[in-house]
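Student: I'd like a close look at one part of this model. Could you pick a helix and walk me through it, along with the chains around it?

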Amino acid sequence: MADTPDATGIRPGIRRLFELAIRRRDRTERNVTEEVALHIELRAGQLRRQGMAPDDALREARRRFGSLEPGRSSIHHDAYRRDRAMRLREWLHSLMQDLRYALRGLRREPMFAGFAIVTLALGIGANAAMYGIVDRLLLRGPEHVREPGRVVRIVTTVARPGIGDVTFGSAGYVLYDNLRTAARAFDGLAAYLVDDVTLGSGRGARTVRGGAATADFFPLLGVRPERGRFFTPDEDVPSRPSHVVVLGEALWRAQFAADPGIVGREVDIRNERYTVVGVAPRGFTGVDLGRVDLWVPMSTYSQAVTSNWPRAWNSQWLNVVGRLKPGVSLDAASEDATRTHRVTYDGPPKPMAEARMTAVPVRFTGRGVESNEVAVSRWLLGVTVVVLLIACSNVANLLLARAIRRRAEVGVRLALGAGRARLARLFLTESLVLAFLGGLASLAVAGIISVLVRQSLLTNVEWTSSPVSGRVLGLSLIVATAAGLLIGLAPAVHAARSSLRNAMQRGSTPARRLGLDTWPMVLQAGLTATLLIGAGLFTQSLRRAEAAPLGIEADRVIVADVEWSSVGDASADARATERARRVAVWQRAAERVRDLPGVTHAALAVGSPFGNSFGQPVFVTGWDSLPKLPGGGPYIAAVSPEYFATVGTRLRRGRVFQSGEGDGTEPLAIVNETMARTLWPGREAIGECLRIGAEAAPCARIVGIVEDARRYELREDPSMQYYIPIGQERDFGGTVLVARSGPDATGATVPAIARAIEDTDASVTRAVAQPMRASIDPLLRPWRLGATIFGLGGVLALVVAALGLYSVMSYTVAQRTHEVGVRLALGATPGDIVGLIMRKSLTMALLGMAGGILVALYAGRFVRGLLFDTSPRDPAVLATTAIVLVLAAVAATLRPAMRARRVDPMRALKTD
Amino acid sequence: MATSRRDLLPGTLDMLVLKTLSVQSMHGYAIARHIERVSNDVLSIEEGSLYPALQRMRQKGWVKAEWRQTPNNQRARYYTITAAGRKQLGAEETGFADLLGAIGRVMGTA
């Protein structure tokens with residue numbers, strides 16, 4: 001055994017292959033000990049020859065060798081150091097060698113390498129992209145917030161009789177004020193809200209996202225301004241609010257060209273003058289994730305709510321957040337807030353007096369649950385992990401097939417004395433190289449997927465960081481390494497287990513016996529089936545949600561609202577005059593809009609679907625109090641005669657209002673079917689009386705019955721609704737114009753409507769029109785998201801799995817050429833052969849489908865609540881998935897099967 | 001021991017070892033014995049320091065080592081001078097000659 005490479009002239013790489021399994025340090029020590037022993041023995045021999053007694057000779061030899069121990073340890077040390085340096089060199093050398101070998105192997109099979117790298121890049125890239133998103137939404141919290149883990153949202157839960165507990169995030173200023181003064185679990189509390197506001201004045205005005213916050217909001221979060229300052233408590237005193245504004249960085253850049261002298265300039269917000277005092281840092285969105293363009297003091301915003309807003313309990317328009325004292329748990333904070341609220345509460349007895357306060361993480365919505373965005377990103381992450389698993393199992397399968405194909409080569413290496421561990425390492429290096437290349441390519445994939453997801457699915461989030469951040473890069477590397485180890489495992493184990501004899505044998509050992517089993521393919525098919533079933537369920541839900549009868553034809557309805565020039569403080573008389581004038585303007589506007597090309601009807605309404613909803617006490621003869629329906633109500637709307645024809649709510653019986661019926665004429669009403677059925681069961685409602693507002697109010701005669709229309713949601717419990725002629729409404733207001741577009745209306749119709757209204761009268765400073773669909777689309781988001789997520793994941797998985805199946809079947813056919821030859825020689829028809837190959841492929845697909853169905857049935861209970869009128873066991877979805885899977889399996893197997901059919905029996909038999 | 005023995009001048013051990021190995025490859029004991037014999041037992045090397053010196057020189061690449069059988073069939077590590085070792089020996093010999101000349105001049109023998 002040579003102990004140094006130089007001694008024998010054998011290259012380190014070769015020598016290493018022959019290395020004995022002893023630890024190097026031991027060997028070095030043994031060498032030195034042996035050398036010294038020999039020296040002493042030879043010296044003693046010489047002394048004996050000079051006539052010394054054997055014992056004396058040995059003693060003298062030892063003495064003359066000198067102080068043995070220090071010498072020896074220093075020898076050991078030097079030798080060890082030398083050895084270690086050499087080992088590192090050798091290790092690097094062997095690593096380079098392995099790398100070179102792996103790269104050479106991959107270059108030799110570009111198809112295989114390309115497929116593996118692309119597969120891994122898709123899997124890793126999808127995960128990296130989703131990590132980038134989850135990182136923002138879940139892990140790091142809102143930007144610029146110091147220690148976001150301690151910032152909580154305070155939500156209120158009250159018991160509503162007959163309905164149960166209702167949790168909401170909105171609160172009155174008084175609640176914030178009370179908690180701030182008396183709660184002990186918090187370092188501070190603040191209130192904020194975000195709303196659409198008008199920036200600028202006149203036609204050049206635009207709608208932006210405006211935040212209103214109490215002055216303590218910014219120090220509580222720990223955010224520092226980009227420029228200038230945030231507002232001070234002095235500027236946010238309820239009795240004397242200051243008109244100051246902090247601009248968002250993006251708005252400052254876009255609207256004010258990043259003017260360095262912005263502080264001190266004045267801007268119009270909601271038709272009032274505000275002085276800019278600062279600019280918020282880039283990407284600051286408060287505690288929510290959506291863009292905020294400007295921040296004004298809560299007290300300036302709240303003036304418009306009610307006159308007694310600082311102490312009013314009946315209005316709830318803001319959100320309360322707090323920073324927990326260090327070490328205080330969410331439960332303790334909730335308890336403290338509840339206790340504080342009950343002690344300080346001074347409003348009407350129920351239900352607020354017994355309200356419960358809960359502190360939840362800020363990423364939760366006001367309903368005390370995780371926001372849609374967070375839930376979506378969780379699902380997305382789950383789906384991408386599944387895709388990664390499929391990708392890994394696929395590449396592992398390919399590598400395994402390749403390892404088996406290289407059995408002969410492995411045999412040669414074993415015969416030359418290569419260690420099994422060394423061989424395993426070689427395969428592992430190969431898989432790591434693949435994974436690393438895949439990881440590099442994944443960065444591009446991650447960039448594309450992040451941008452897509454950000455723009456299509458998570459549009460409500462203000463993104464400032466680049467899609468591929470350092471953290472995403474780091475994760476890609478980690479995932480790539482993990483994937484490399486995972487996919488290298490099977491071939492490495494296979495290599496380590498292969499015996500020389502086995503490996504050197506040529507011929508067609510069945511693939512199954514060698515570990516290239518069908519289970520990875522079945523697993524892939526199962527995972528793919530699960531994703532496809534999910535995609536099918538959500539697509540089905542989306543279709544049904546889109547087609548859900550709403551009681552209106554939302555697709556053709558456009559809603560328009562206006563802003564009026566300010567009249568300032570006016571007497572009650574002047575206000576009444578102005579109101580009458582505005583009604584007239586509205587009516588003129590409706591006429592103008594009706595005449596527009598592309599518009600068939602136009603009407604006015606106070607209260608409209610997916611807009612405003614109002615309630616007033618109603619008294620009906622024969623009822624002490626009206627029955628409570630789960631959908632609430634009764635709800636009232638004041639509408640012009642053409643309203644029902646405009647929005648597409650069908651008249652069931654009776655008639656609609658006529659022109660001329662309105663202010664000052666006989667009170668009339670139209671009720672919906674639920675109301676007619678509930679209050680006058682089995683009788684005709686037309687001709688009955690509604691007394692609206694008070695028991696002594698005049699009788700509003702019912703003249704018609706219309707179908708139920710939705711108010712806010714796609715799925716609603718039935719509620720009582722009734723309509724009165726516009727002009728007869730009392731104590732509620734807020735007119736909108738609804739227009740019905742023709743079937744061939746173009747996109748220009750919507751702005752044309754806004755312009756027509758603006759041109760009606762000089763007192764209209766601005767009109768905003770938008771399709772009603774725009775209010776409904778957000779409601780479809782959950783299903784659209786689910787369908788998109790699972791659809792994308794499912795298609796990705798299907799493609800990857802089908803390619804994997806193709807490669808495995810190709811390999812199987814190549815392996816079984818001999819067997820096929822024998823079968824053909826024994827009289828099997830080519831059709832039999834195709835059937836044989838297809839059967840194997842379809843078995844795998846169907847086994848996977850069965851597994852997928854089992855998973856889907858099990859997971860069904862978790863998604864049931866997320867679906868719209870669709871059972872998790874929807875037979876159409878399951879059947880479609882099975883068909884898609886089978887078709888994909890057939891497509892992937894077609895070419896290999898055809899190749900098997902063309903096997904020439906004579907040649908197949910001769911080669912063996 | 002009849003003859004008086006002298007310790008080596010510091011720093012000359014490497015030179016002596018290299019010089020010895022320039023004749024032929026030998027194991028540690030043979031190196032020590034060769035130096036004793038050639039110097040008529042005047043020079044005695046500190047045997048405990050011979051092996052560390054050999055390891056050091058191996059590390060510097062002046063000598064290489066390999067295990068071989070001795071003529072008496074014992075396993076021994078044989079050291080062989082390398083090209084780098086010969087170069088080093090040349091340098092040390094020159095330096096040593098200069099030193100000897102200088103000492104001689106001081107002692108008045110040259």
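Tutor: Sure, and let's begin with chain B, where, among contacts between residues at least 6 apart in sequence, 51% join residues at least 24 apart; a contact here means heavy atoms within 4.5 Å. In chain A, 80% of such contacts join residues at least 24 apart. This is a predicted model, so local features need pLDDT of at least 70 and side-chain atom pairs pLDDT 80 or more, while totals for chains, interfaces and linings use all residues. Residues are numbered from 1 along each chain, chains are lettered from A and ligands numbered from 1 in the order written, and side-chain values use heavy atoms, leaving out hydrogens and water.

Now for the helix. Chain A has 26 helices and 26 strands, where helices (H or I, at least four residues) and strands (E, at least two) are DSSP runs numbered from the N terminus. Our pick is helix H6 of chain A, residues 110–139. Of its 30 residues, 24 are buried, so H6 of chain A is largely enclosed by the rest of the structure. Buried means under 20% relative accessible area, with a 1.4 Å probe and protein chains only. After H6(A) comes A:Gly141, which has a positive phi, near 75°.

How does that sit with the chain totals? Buried residues make up 50% of the 912 residues in chain A, and 45% of the 110 residues in chain B. Chain B has 4 helices and 3 strands, in the order α-β-α-α-β-β-α along the sequence.
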